[in-house]
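Biologist: I would be grateful for a close look at a single part of this structure, namely its aromatic side chains. Please set that part within the whole chain as well.

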Amino acid sequence: MFLTLALLRKGIPGKQWIGKYRRPRPITWQMKCNMVKHLEREAENEYWISRPYMTREQERGHAAERRAQIWLKIKEEKFSNFPKHKYMTDHLSHLGISKTWTN
């Protein structure tokens, strides 16, 4: 279909690099080299991901202590911002200013 359009028409309608009937880009040796490098890198990543560093027994619970310390640190930060205790006498002390009968 593209060959027929190219032969019968004068050119590619609209912009030649975008759209449904766009002109195909020529594949260069640089593109091929980049794709090969990309595929090699991906294969190496798959290789390293498929071989775990720790066994399942070692992995189970290995970060529990660290997570507990982080949780304690977060909890401590929350409580450090918490306001000090206030008693009812502190809130109502301004009411007893004119008390002259308790002297």
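Modeller: The answer below begins with the chain as a whole, then turns to the aromatic side chains, and ends with a patch on the surface.

The model is predicted, and the mean pLDDT of its chain is 85, with 86% of the residues reaching 70 or more. The chain has 5 helices and 0 strands, so from the N terminus on its elements read α-α-α-α-α. Among these elements, helix α2 (residues 29–50) has the highest mean pLDDT, 97, whereas helix α1 (residues 2–8) has the lowest, 69. Where pLDDT is low, predicted coordinates should not be read in detail.

A search of the whole structure finds 1 aromatic pair. The rings of Y47 and W48 have their centres 5.0 Å apart, and their planes meet at 80°; because an angle over 60 degrees counts as edge-to-face, the pair is given that name. How exposed are the two partners? Y47 has a relative accessible area of 39% and is therefore partly exposed, while W48, at 55% relative accessibility, counts as exposed.

The same theme of exposure applies to the chain: of its 103 residues, 1% count as buried. The chain exposes about 11,200 Å², and carbon and sulfur atoms supply 59% of that area. Another aromatic residue, W71, belongs to a nonpolar surface patch of about 400 Å², which W71 makes together with I70, L72 and I74. Of these patch residues, L72 is found in helix α4, which covers residues 64–80.

Conventions: Residues numbered from 1 in each chain as written. Heavy atoms only, no water. Patch = residues over 30% accessible without salt bridge, like charges linked within 9 Å, V, L, I, M, F, W, Y side chains within 5 Å. Areas by Shrake-Rupley, 256 points an atom, 1.4 Å probe, with all protein chains shown as cover. Salt bridge = Lys/Arg side-chain N within 4 Å of Asp/Glu carboxyl O. Helix = DSSP H or I, 4+ residues; strand = E, 2+ residues; numbered from the N terminus. Phe/Tyr/Trp six-rings, centres within 6.5 Å; stacked < 30°, edge-to-face > 60°. Buried < 20%, exposed > 50% of the residue type's maximum accessible area, 1.4 Å probe, protein only. pLDDT = per-residue confidence, 0-100.
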